[in-house]
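This report walks through a few parts of one structure for a reader who has not met it before. Please look over the sequence and the model before reading on.

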Amino acid sequence: MDKALRPGRWLIYAILFGFALFTLLPLIVIVLNSFRTAVEIGRSSLIGWPAGLAWRNWTEAWGHFCIAQRCEGIRPYMENSFMMVVPATILSTALGAIAGYSISLWRFRGDTIVFAIVVMGVFLPEQMKLIPWALVLRELDLTNTIGALVLIHTVQGFSFTTLFCRNYYIGIPQDLVKAARVDGAGYFRTFWRIVLPLSPPIIIVTVIWQFTGIWNEFLFGVTFTTGEQQPVTAALIAIATTPQTDVVEYGIESAAVLLAAIPTLLVYFFGGRYFLRGLTAGAVK
Amino acid sequence: MRIRRRSLLAGAAATAALPLAVRAQVKPRVTFISQWSSGSDGAAITGLGKRLEAEGGIWQHSPVPGFTTEMMNKLRADIIAGNPPAASQLKGPEIAAWCKIAPTVNLDPLVEAAGYEKLIPTELVGLHKPQGHWIALPMQVYRTTTLFMSRPAMAKVGATKAPKTWAEFNELATAMKAAGITPVANGGIRWDDGMKLEIALAGINAESYRGALMKLDAKALKSADMLEAFAQLRKFASWMDPNIAAQHYSVNLPKFLKGEMGMLMMGGWAQGVIKNLGGKLEDVLITSAPQNEGKPCFVLNADSMIFWKRKEPDLTAGQQLLAKLMMQKDVQEQYSQTTGSIPVRIDVDLSGPAWSDGQREAAQVLNESFKSKRVLLSLAHNIAQPNQISSAMIDVLTEYVHNDKVTPEQGVQRLAAAVDTARG
Amino acid sequence: MRRRLAGFLPLLVIWIPLLISVAHVVGFTAWTTWLSFTPSDLLPEYDWAGLRSYRAVLRTENTAIAYANLLVYGVGYVGLTMIVGFVLAVLIDQRIRAENLLRTIYLYPLAVSFVVTGTVWSWLFNPGQGIQKFVNNLGWTGFRFDWIIDRDFALYTIIIAAVWHGVGFAMALFLAGLRSIDSDLHKAAQIDGAGPLRFYLRIAAPGVAPIAISVLVILLQYAIKTFDLVRALTGGGPGISTTLPALVVYDFMFQRGQLGRGSAAAVLLLLSLLVVLLPYYLYVHWRARRERTNG
């Protein structure tokens with residue numbers, strides 16, 4: 001069926017692009033600001049065309065800006081974030097896939113209750129978890145390490161990834177699994193032969209979701225690490241919290257924010273299509 | 001023969017062990033947590049660290065990005081983990097609250113050796129000895145009851161001197177408003193709103209301030225002075241820039257320096273902010289806020305460091321070194337010159353060129369207030385009350401400033417009610 | 001022997017992560033609930049204090065304002081996001097040429113953290129330096145866009161920023177839902193002579209209802225947990241007019257160092273979450289049962 005609403009097709013494009021402009025507005029502003037000096041911004045407003053290209057903002061933000069006493073910009077903090085996000089994403093996705101598979105296709109006693117409780121974890125507010133985690137980390141002797149953040153994000157991410165994967169795997173026809181079992185395949189073989197090959201859409205959705213969520217997380221990152229192990233979100237807050245006796249360096253702040261957002265932006269830029277495909281394939285029901 | 005060899009061996013071993021013992025003498029080390037990651041506070045604490053290193057210590061400072069709450073979260077997490085820093089930023093009544101949850105170091109021997117206690121304002125001493133002995137040291141003092149006046153604005157209305165009472169202030173403000181100048185250049189952040197009340201009340205009656213805001217006496221909280229303070233606060237609110245919302249006062253400074261805004265009631269630290277913005281201090285008149293009683297009064301805000309008990313010898317040595325340094329005149333001078341505050345010791349000579357007129361004036365007022373027992377503790381900066389009470393009170397004050405439908409009578413009632421709830 | 005191991009290993013692989021997760025969820029919730037009945041201040045204490053913390057929390061003005069705000073914000077944020085998301089999805093579904101480009105643009109806000117979202121929008125909303133100043137500089141000096149400093153309107157700035165962040169997600173899910181509607185249905189509708197409007201109202205909308213429920217739940221839980229965005233955008237102000245329940249929890253727990261009250265506030269927050277989630281669980285259960293009988 002030709003669903004095209006012929007009359008007023010221009011209206012459709014107008015609305016779509018109008019909203020696209022609204023969506024892009026903050027990005028445009030911040031990109032422009034990253035090329036303006038703080039003096040320029042102070043004199044006119046936060047929205048404006050750069051007078052020149054203040055590349056200095058970028059070099060300062062990347063490698064020279066002083067956060068606390070380290071004047072190395074945000075580069076070391078980006079590295080910390082990577083070291084935390086990559087293992088946590090991989091672990092939580094893998095564990096979530098297996099758990100989702102188990103709950104949906106390899107039924108066992110009590111699976112509904114367990115699933116409900118695990119999913120409850122998605123909704124717990126962060127603030128109430130701060131102190132319990134501090135106590136847990138003390139017992140495990142993991143305070144002030146990146147490993148602590150990996151553990152926290154893996155356990156918390158597990159709730160999300162299990163939810164996504166289980167909702168997806170439940171769409172796999174039972175007959176396929178039954179056929180495999182008749183052929184003598186056990187738990188692992190079924191996963192490897194049948195489920196995993198069908199998984200790319202949901203794995204991609206999950207990885208994108210987890211990577212973004214963990215990369216952008218602030219509260220735990222700041223509380224459970226010190227100085228050198230802090231993730232980039234902590235560095236951004238340090239730049240943004242102006243002490244009482246300073247001028248706000250909007251230009252450098254903008255450049256820093258953009259640099260810190262590049263990994264997740266790239267993830268959505270390249271993965272956006274797969275994200276949609278994964279959702280279409282029934283990721284969230 | 002054998003014995004001799006054995007004793008020779010023993011002697012050799014002892015000699016060999018001697019340099020080891022000397023080598024084992026630890027390098028003092030300090031781990032420190034604060035929120036001071038940048039700006040003049042950051043520069044000052046870094047300077048302190050360099051001084052520690054110059055004296056042979058190792059300085060390991062972990063500033064926590066964000067504000068005081070984030071720093072305290074980190075501190076709490078570290079305490080829970082059994083790994084508190086050797087020293088950390090902590091101020092006012094928090095010292096009393098936090099020392100109950102983790103063991104601290106008894107600094108009495110060091111303090112007595114330096115004869116330090118007589119050199120600090122009495123109100124401060126009590127805050128640092130909640131259990132009867134010194135466990136923390138103040139680092140710098142700020143006065144909150146400071147009045148900054150824009151000279152260009154004054155010229156425009158023909159004012160030649162600063163107002164000495166609230167009545168004079170109100171007259172001047174009305175004149176400024178008529179001339180198209182925004183009379184009050186304050187911002188709209190919570191502590192700014194809280195400060196405006198405390199400055200008003202301290203200027204009306206210092207003893208009422210002490211009773212109401214420091215002792216939380218119910219009668220004082222509902223007194224006529226309090227009502228007058230709220231009325232004055234309402235006036236301040238009406239004279240502020242209506243667009244200020246919840247912004248920092250520094251966004252008003254460019255206009256203030258040009259004379260489009262007239263007066264700023266702020267702590268002494270504003271001096272540093274003005275300088276950093278490229279403002280010239282000659283354009284600003286810095287003096288005490290109006291005092292209806294005509295006598296000097298000083299509302300103080302102080303930063304302090306608390307020392308947490310550690311077993312490691314290098315950390316204990318580091319703590320001793322840091323404490324000694326913090327009590328020294330030259331260290332305090334260096335610190336205060338960097339931040340624009342006043343040194344804690346009242347025997348520091350501020351006549352040199354490194355000090356500004358504003359600092360000199362404030363130090364003089366501190367001295368006089370100290371002698372006449374008119375030193376008060378700031379509510380807005382969490383010195384007078386622990387966070388849970390001051391937060392509740394400032395909630396009421398900031399609501400009052402931004403909601404002109406609340407009358408002064410209602411303001412007084414709400415404040416008293418908030419104190420009750422927060423305490424109960 | 002191998003057979004027994006093969007039977008045992010899956011159990012380990014299944015149960016260990018699940019048990020850790022359950023322990024984490026149940027343990028933390030139970031601990032917080034217990035703490036809400038204690039007089040804890042800076043550090044947890046485990047004596048019994050009854051409902052004292054709850055009474056104190058419910059008496060403070062913050063709590064009343066926070067939940068009132070949550071109602072307005074929740075409805076505004078979730079409602080607007082879903083409506084705009086659905087409309088965009090429908091429009092894109094019209095075989096638009098620039099679909100890839102538009103989709104990328106709509107999705108990118110999801111990549112941006114709430115802290116950055118709040119910070120950048122606070123710049124835009126700032127009357128002295130943002131949109132208002134920009135338009136004033138252009139010559140239209142009477143223009144005012146100072147919602148963020150207005151106690152009655154500041155909450156809407158938060159809604160705008162949150163909607164900006166979430167529309168892409170809603171659109172993506174609705175588009176996925178629309179696309180998965182059986183093409184036979186399309187053809188059938190066409191044969192029946194149903195116009196596009198009829199199609200969307202009668203067939204597509206009910207078809208994406210299950211997905212809409214998912215979107216609703218995910219957005220609602222975001223709304224209830226909103227914290228970073230408000231802190232970065234308005235700090236809870238002007239005054240305390242834009243505070244939300246998650247901020248109240250943080251305020252009591254950490255700013256004031258009253259863990260007992262903070263935990264009580266957290267439990268209240270969880271209860272409000274349950275109000276949202278319980279109907280959802282019941283709905284899923286009901287739908288599953290319906291599918292089974294219709295199967």
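In this predicted model, helix H8 (residues 174–182) of chain A and helix H9 (residues 187–195) of chain A have axes that come within 10 Å and cross at roughly 130°. Because angles over 145 degrees count as roughly antiparallel and 65 to 115 as roughly perpendicular, the crossing angle makes H8(A) oblique to H9(A). The crossing in which H8(A) passes H9(A) is right-handed. On the side of H8(A) the contact is made by A:Leu176, A:Val177, A:Ala180 and A:Arg181, while H9(A) brings A:Thr190, A:Arg193 and A:Ile194. Sorted by class, the residues of this contact between H8(A) and H9(A) are four nonpolar, one polar and two charged. In general, the angle between the axes and the distance between them serve to describe two packed helices.

Chain A also touches chain C, in a contact that takes 62 residues from chain A and 77 residues from chain C. Several helices of chain A give two or more residues to this side, among them helix H1 (9–33), helix H4 (75–105), helix H7 (146–169) and helix H13 (250–280). Of the elements on this side, H13(A) gives the most, with 13 residues. The residues with which chain A touches chain C divide into 44 nonpolar, 14 polar and four charged.

The next topic is a sheet in chain B. Strands of a sheet pair through backbone hydrogen bonds, and the pairing is either parallel or antiparallel. The sheet in chain B is open and has four strands in the order S6-S7-S5-S8, with mixed pairing. Its edge strands are strand S6 (182–184) and S8 of chain B, each of which pairs on one side only. Neighbouring strands of this sheet are turned by 20° against each other on average, with direction ignored.

Strand S5 (residues 146–150) of chain B is mostly covered, since four of its five residues are buried. The table lists its two antiparallel partners.

| Strand | Partner | Bridges and direction |
|---|---|---|
| S5(B) | strand S7 (residues 261–266) of chain B | four bridges, antiparallel |
| S5(B) | strand S8 (residues 284–288) of chain B | five bridges, antiparallel |

Which residue of S7(B) stands opposite B:Phe148? In that strand, the residue opposite B:Phe148 is B:Leu264. Towards S8(B), B:Leu147 stands opposite B:Thr287, and B:Ser150 stands opposite B:Val284.

Methods: Residues are numbered from 1 along each chain as its sequence is written. Chains are lettered from A and ligands numbered from 1 in the order in which they are written. This is a predicted model: local features need pLDDT of at least 70, side-chain atom pairs count only at pLDDT 80 or more; totals for chains, interfaces and linings use all residues. Two residues are in contact if their C-beta atoms, placed from the backbone, lie within 7 Å. Ala, Val, Leu, Ile, Met, Phe, Trp, Tyr, Cys and Pro count as nonpolar, Asp, Glu, Lys and Arg as charged, and the others, Gly among them, as polar. Axes are lines fitted to C-alpha atoms, for helices over the stretch in contact, and angles run from 0 to 180 degrees between N-to-C directions. Angles under 35 degrees count as roughly parallel, over 145 as roughly antiparallel, 65 to 115 as roughly perpendicular and the rest as oblique. A crossing is left-handed if the near helix is turned anticlockwise from the far one by less than a right angle, and right-handed if clockwise. A residue is buried if 20 or more other C-beta atoms lie within 10 Å of its own, exposed if 12 or fewer, and partly exposed in between; C-beta atoms are placed from the backbone. Two strands pair if DSSP finds at least two bridges between them.
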